[in-house]
Amino acid sequence: VDLSTEMAAEDWEATYGQKETQTYDFLGKSNVGQALNAVLENPPYGASDEIKSKTSDLAIEVLSRIKESEIKKYGEPLTNDQLDVLMKYIYKGLERKPSISSQLLKWHEFIRE
């Protein structure tokens with residue numbers, strides 16, 4: 001169910017909290033593939049700028065834990081919609097986290113192929 005444009009602000013807060021918890025749970029179990037799927041689910045298109053920024057930062061955190069040699073492994077199973085969302089997070093990450101730009105550009109390159 002795509003709730004991305006129909007939720008109220010307080011619902012986005014709760015949804016982000018759940019997404020953050022779930023994502024860090026997966027990361028804590030070294031399951032970055034599931035963490036990536038969790039962070040890409042239900043993008044916050046209708047949310048406040050604060051929630052959009054938090055979600056972008058969370059996505060970038062997940063990407064930063066994926067080694068360059070694993071990009072294909074975790075990227076290939078993603079759907080086109082997930083790749084579109086991921087590309088938006090990559091652009092936001094290039095703006096907000098220049099310290100990992102080389103890693104983000106590797107993802108960008110993978111998606112563009």
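# A tour starting from Asn42

Select Asn42 to begin: this residue sits in the loop between α2 and α3. Helices here are DSSP runs of H or I with at least four residues, strands are runs of E with at least two, and both are numbered from the N terminus. The model is a predicted one, in which local features need pLDDT of at least 70, side-chain atom pairs count only at pLDDT 80 or more, and totals for chains, interfaces and linings use all residues. Residues are numbered from 1 along each chain as its sequence is written, and side-chain values use heavy atoms, with hydrogens and water left out.

**Stop 1: Asn42 and Ser30, two loop residues**

Stay on Asn42, just after α2. Its phi is positive, about 50 degrees, although the residue is not a glycine. Most residues other than glycine have a negative phi. Asn42 is buried, with a relative accessible area of 17%; buried means under 20% relative accessible area, exposed means over 50%, and partly exposed lies in between, with a 1.4 Å probe and protein chains only.

Now select Ser30, in the loop between α1 and α2. Ser30 also has a positive phi, near 60 degrees, and is not a glycine. At 62% relative accessibility, Ser30 counts as exposed.

**Stop 2: the whole chain**

Zoom out and colour by secondary structure. The protein has 6 helices and 0 strands, in the order α-α-α-α-α-α from the N terminus. The radius of gyration is 13 Å, close to the 13 Å of the globule rule for 113 residues, so the protein is as compact as a globular protein of that length. That radius is taken over C-alpha atoms, and the globule rule is 2.2 Å times the number of residues to the power 0.38. Along the principal axes, the C-alpha atoms fill a box of roughly 40 × 30 × 25 Å.

Of the 113 residues, 43% count as buried. Among contacts with a separation of 6 or more, 72% are between residues 24 or more positions apart; contact means heavy atoms within 4.5 Å.

Switch on the surface. The protein exposes about 6600 Å², of which carbon and sulfur atoms supply 46%; accessible areas come from the Shrake-Rupley method with a 1.4 Å probe, and for residues only the protein chains shown count as cover. The 14 positive and 20 negative charges have mean positions 6 Å apart. Lys and Arg count as positive and Asp and Glu as negative, while His and the chain ends are not counted. Each charge is placed at NZ of Lys, CZ of Arg, CG of Asp or CD of Glu.

**Stop 3: the core and Leu36**

Hide the surface and select Leu36, Leu40, Leu63, Leu86 and Trp107. Of the 32 residues in the largest nonpolar core, these touch the most other members. A nonpolar core is a set of buried Ala, Val, Leu, Ile, Met, Phe, Trp, Tyr and Cys residues joined through side-chain atoms within 4.5 Å. The elements giving two or more residues to this core are α1 (9–28), α2 (32–40), α3 (49–64), α4 (71–75), α5 (80–96) and α6 (101–112). In soluble globular proteins, nonpolar side chains tend to be buried together.

Centre on Leu36. Which residues does Leu36 contact, leaving aside its neighbours within four places in sequence? They are Val62, Leu63, Ile66, Tyr74, Leu78, Leu86 and Trp107.

**Stop 4: helix α2**

Extend the selection to all of α2, a mostly covered helix with 7 of its 9 residues buried. The buried ones are Val32, Gly33, Ala35, Leu36, Ala38, Val39 and Leu40. They pack against α1, α3, α4, α5 and α6.

**Stop 5: Thr23 and Glu20 on α1**

Move to Thr23 in helix α1. At 0% relative accessibility, Thr23 counts as buried. Apart from neighbours within four places in sequence, Thr23 is in contact with Ala35, Ala38, Val39, Leu58 and Val62. Measure from Thr23 to Glu61: their C-alpha atoms are separated by 9.8 Å, with these positions 38 residues apart along the chain.

Glu20 lies in helix α1 too. At 30% relative accessibility, Glu20 counts as partly exposed. The C-alpha atoms of Glu20 and Glu61 are 11 Å from each other, and the two residues are 41 apart along the chain.

**Stop 6: Asp57 on α3**

Finish at Asp57, which lies in helix α3. Is Asp57 buried, partly exposed or exposed? Its relative accessibility of 23% makes Asp57 partly exposed. Beyond neighbours within four places in sequence, Asp57 is in contact with Arg96 and Lys97. Ser99 is 42 residues from Asp57 along the chain, and their C-alpha atoms are separated by 13 Å.
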